[in-house]
Amino acid sequence: MTSSRALRRLPLHVAATVTVVVCLFPVYWMVTTAFKPNRDIQSDRPAPLPRTWTLDHFRRAVDADGFGLFWRNSVLVTLGAVLLALVVALAASFAVARMRWRGRRQFMLMVFVAQMAPWESLIIPVYIISRDTGMLDRLPTLTLVYFMMTLPFTIVVLRGFLATIPAELEESAQVDGCTRAGAFRHIAFPLLAPGLMATSLFGYITAWNEFAYANFLIIKQQDHRTLPVWLSSFHNTFGTDWGATMAASTLFALPALVIFLVLQRHVTSGFAAGAVKG
């Protein structure tokens with residue numbers, strides 16, 4: 001009985017293993033290349049692990065022009081976009097999940113359509129609007145763009161998560177004397193923590209990794225560029241410095257990895273709850 005069940009699950013385990021290997025191999029290659037000396041990187045037969053470990057590429061990446069400045073720009077833009085999306089999406093999801101008003105279904109349909117739309121197709125309109133309004137080369141412009149990119153997903157997940165919280169809990173608090181806003185703040189809001197963490201992580205990764213808009217909207221003011229654009233600075237007329245590029249990419253990926261590991265449990269439950277009901 002046990003062996004037959006294990007045999008039936010074998011294809012699933014094999015598929016899961018292959019998927020994990022395919023997804024993690026680029027990360028493994030990036031990290032190992034960052035520690036290899038140049039002679040091993042340019043070798044015709046690269047070794048799976050560095051024969052000699054070196055930190056020279058990391059030193060060159062950290063000492064590169066603009067590393068600290070672009071890091072600060074990325075942090076400011078990312079945090080600003082995530083906080084704006086959370087505030088607006090929290091109000092919108094509460095209105096959709098707790099109130100009954102005409103056009104509620106149409107509103108959610110528009111949110112789903114905005115979520116499905118490829119943002120790359122809007123680069124030219126966003127560029128023209130930013131140029132005509134004098135908003136080019138400004139970090140607040142990037143913050144607003146990333147806010148718009150993450151807002152639909154944040155609304156969908158928070159609305160689904162809020163729908164799993166019984167409205168009777170808030171009604172009981174109102175009977176005891178709380179206002180509607182007070183009941184939401186003291187009862188529902190603490191229970192939304194997993195959903196808030198899940199959407200925050202998604203918004204963070206989206207804004208932190210975005211390259212196209214940061215490259216097209218920040219043209220003249222080089223000091224306003226973000227880390228994804230900074231990564232392209234290791235390419236010059238003499239070729240690409242692959243060691244420094246991989247070291248910089250490793251440093252760039254570390255914050256997202258750390259945040260995901262810290263919030264993993266809450267993120268999993270948040271995505272599950274936000275996708276089931278609503």
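Q: What makes helix α7 largely enclosed by the rest of the structure?
A: In this predicted model, 21 of the 25 residues of α7 are buried. Buried requires a relative accessible area under 20%, and with that many residues meeting the criterion α7 is largely enclosed by the rest of the structure.

Q: How do you know that the span of α7 is close to the expected one?
A: Helix α7 covers residues 139-163, and the distance from its first C-alpha to its last is 35 Å. The expected value, at 1.5 Å a residue, is 36 Å, to which the span of α7 is close.

Q: Where does α7 bend, and by how much?
A: The bend is at T150 and amounts to about 35 degrees. It is the angle between axes fitted to the seven residues ending there and the seven starting there. A proline, P152, follows T150 within four residues.

Q: Why is the contact of W71 and W208 called an aromatic pair that is edge-to-face?
A: Ring centres must lie within 6.5 Å to pair, and planes over 60 degrees apart count as edge-to-face. For W71 and W208 the values are 5.5 Å centre to centre and 80 degrees between the planes, so both conditions are met. The structure holds twelve aromatic pairs.

Q: What does the pair of W71 and W208 tie together?
A: W71 belongs to helix α4 (residues 67-98) and W208 to helix α10 (residues 193-209), so the pair links parts that are 137 residues apart in sequence. Both residues also belong to one aromatic cluster, formed by F67, W71, Y204, W208, W230 and F252.

Q: Why is W208 called buried, and why is W71 called partly exposed?
A: The relative accessible area of W208 is 3%, and the limit for buried is under 20%; W208 is therefore classed as buried. W71 has a relative accessible area of 26%. Partly exposed lies between buried and exposed, the latter being over 50%, so W71 is partly exposed.

Q: How do you know that the charged end of K36 sits over the ring of W29?
A: The charged end of K36 is 4.6 Å from the centre of the W29 ring. The distance criterion is within 6 Å, so this value satisfies it. An angle within 35 degrees of the ring normal is also required, and K36 is assigned as sitting over the ring.

Q: Where does pLDDT stay under 50?
A: This applies to residues 274-278, for which the model has nine contacts beyond four places in sequence. For the protein, the mean pLDDT is 83, and 91% of its residues reach 70 or more.

Key: Residues numbered from 1 in each chain as written. Predicted model: local features only at pLDDT ≥ 70, side-chain atom pairs only at ≥ 80, totals over all residues. Heavy atoms only, no water. Helix = DSSP H or I, 4+ residues; strand = E, 2+ residues; numbered from the N terminus. Expected span 1.5 Å × (residues − 1). Buried < 20%, exposed > 50% of the residue type's maximum accessible area, 1.4 Å probe, protein only. Phe/Tyr/Trp six-rings, centres within 6.5 Å; stacked < 30°, edge-to-face > 60°. pLDDT = per-residue confidence, 0-100. Contact = heavy atoms within 4.5 Å.
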